[in-house]
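Trainee: I should like to learn how the terms used for a structure are justified. May we go through one together?

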Amino acid sequence: MTLQPNTLELMARARADLRMGLGVVLLGTDGSDALIFSTESLSAERLATARKLGDAVIALTARRAETLKARAYDDDVARVTLPSDAGLDWVTALADPADDLSTPMKGPFRTLRDGPADLHRAAIRLCKTARLLPAALVVPISNGADLARNAGLTLLPATEAIQLTHAASPLNDVIHARLPMEVSEAGRLHVFRPENGGEEHYAIEVGQPDRDAPVLTRLHSACFTGDVMGSLKCDCGPQLRGALAQMGAEGNGVLLYLNQEGRGIGLANKMRAYSLQDQGFDTVEANHRLGFEDDERDFRIGASLLKRLGFSQARLLTNNPRKVAMLDRHGIEVIERVALKVGRGAHNSAYLDTKAAKSGHLL
Ligand SMILES: Nc1nc2c(ncn2[C@@H]2O[C@H](COP(=O)(O)OP(=O)(O)OP(=O)(O)O)[C@@H](O)[C@H]2O)c(=O)[nH]1
Ligand SMILES: [Zn+2]
């Protein structure tokens, strides 16, 4: 029936549910289903209720498990069993590294070795796409469809859902209008909305770039702290303004502003990473302790936006070779990499050095 939501639409609903602390039911392939919650929005009451339904485990990424010295038997995923006396504080501390140093959790942790981890992997993936910590309470249940119906919970077919979280979402050009800017009065801002209900992304055209020539392009990831607040911890603000200034000086260019705050982990998680950096960890270590990879962004979006705007070749303003490779792989020929080295200072030099040493950025 066309009025019924499809899996993509249900996933947008599931992300909102998880953020609100509601459970989501995942349908497995072999009759084994699961009730899942984000650990960070879970309440003590729901934890207690959920535990009565089955043998709950906490699904963590192998990155987080490594910090806890818990064994991950499923490559990228660890399934930690809950001791009988574990309450919400225990669950929270397992997932959130905020107090790792001041009050380290006492192991050893028991992790599951047998049985499939697909639903656990799907649960973590959903938490990530909801910009929550990558950790979920997973309770195996046998009749997920009934539970979802009775409790009014969102029901998702897990295999299809996980495939969809990895698929590139089509982007629709919702509106574009003139935007006179300091660097050029001939500006135009486009708002693109992904069909999967994810964050909108913006493209700012400076001047009237020729579609048949390589366009000066900046693929910029949102950084509220650097772009808006003038944070000295990174180089984003100066890079944003430097790229726009160069486009203004050359008379044209395209700035793609991708809403992938914190290299794709969201502002709350980035601030968690900053808090860990205050405890002495570098930008990459902080992401790993939280359970994330160093970079969770999807640069296919940049290629897709450029193609939608009618461009096939770019001169890319970046120090990140991954951006060049991803554009090339997804149909945009990068004719030239244009270095963008601005804004190095006392507060961000260690950060920039870490990106060069560990993430392949060019100094
Ligand atoms: N997780 C995390 N994200 C950060 C940190 N500092 C800055 N960011 C984010 O990192 C991203 C930086 O984006 P970009 O400047 O486009 O990318 P880049 O990989 O540095 O590459 P170029 O600037 O093009 O050379 C933004 O999304 C910031 O919010 C940090 O310490 N941790
Ligand atoms: Zn920044």
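Mentor: Let us begin with β9 and β11 in this predicted model.

Trainee: What makes β9 and β11 paired strands?

Mentor: Pairing requires at least two bridges between two strands. Five bridges join β9, residues 201–206, to β11, residues 253–258, so the requirement is met. The two strands run antiparallel, and E205 stands opposite V254 in β11.

Trainee: Which strands make up the sheet, and in what order?

Mentor: The order is β7-β8-β9-β11-β10-β12-β13, an open sheet of seven strands with mixed pairing.

Trainee: Why are β7 and β13 said to stand at the edges?

Mentor: Both β7 (171–178) and β13 (333–338) have a single partner strand, so one side of each lacks a neighbour in the sheet. On average, neighbouring strands of this sheet are turned by 25 degrees against each other, direction ignored.

Trainee: Which helices lie across or pack on the sheet?

Mentor: Helix α9, residues 236–250, lies across β9, β10, β11 and β12, and runs at about 165 degrees to β10. Helix α13, residues 300–308, touches β7, β8, β9, β10, β11 and β12. The direction of α13 makes about 135 degrees with that of β11.

Trainee: What makes α12 a largely enclosed helix?

Mentor: A residue counts as buried if 20 or more other C-beta atoms lie within 10 Å of its own. Six of the eight residues of α12 are buried, so the helix is largely enclosed by the rest of the structure. The buried residues are T283, A286, N287, H288, R289 and L290.

Trainee: What covers the buried residues of α12?

Mentor: The cover includes α3 (62–68), α11 and α15 (349–359). After α12 comes G291, whose phi is positive, near 105 degrees.

Trainee: Which elements supply the shell around ligand 1?

Mentor: At least two residues each come from β10, α9, α10 (261–264), α11 (267–278) and α12 (283–290). Helix α10 gives the most, with three residues. Of the 21 residues around ligand 1, those that come nearest are S221, C223, T318, N319 and N320.

Trainee: How do you know which class C223 and S221 belong to?

Mentor: Cys is listed among the nonpolar residues, whereas Ser is in neither the nonpolar nor the charged list, so C223 is nonpolar and S221 is polar. The shell as a whole divides into six nonpolar, eleven polar and four charged residues.

Trainee: How is the chain divided, and how far apart are the centres of the domains?

Mentor: Domain 1 spans 7–165, and domain 2 comprises 171–260 + 297–359. Their C-alpha centres lie 35 Å apart.

Note on methods: Residues are numbered from 1 along each chain as its sequence is written. Chains are lettered from A and ligands numbered from 1 in the order in which they are written. This is a predicted model: local features need pLDDT of at least 70, side-chain atom pairs count only at pLDDT 80 or more; totals for chains, interfaces and linings use all residues. Helices (H or I, at least four residues) and strands (E, at least two) are DSSP runs, numbered from the N terminus. Axes are lines fitted to C-alpha atoms, for helices over the stretch in contact, and angles run from 0 to 180 degrees between N-to-C directions. Two residues are in contact if their C-beta atoms, placed from the backbone, lie within 7 Å. Domain bounds come from an automatic or database domain assignment. A residue is near a molecule or strand if its C-beta atom, placed from the backbone, lies within 6 Å of it. A residue is buried if 20 or more other C-beta atoms lie within 10 Å of its own, exposed if 12 or fewer, and partly exposed in between; C-beta atoms are placed from the backbone.
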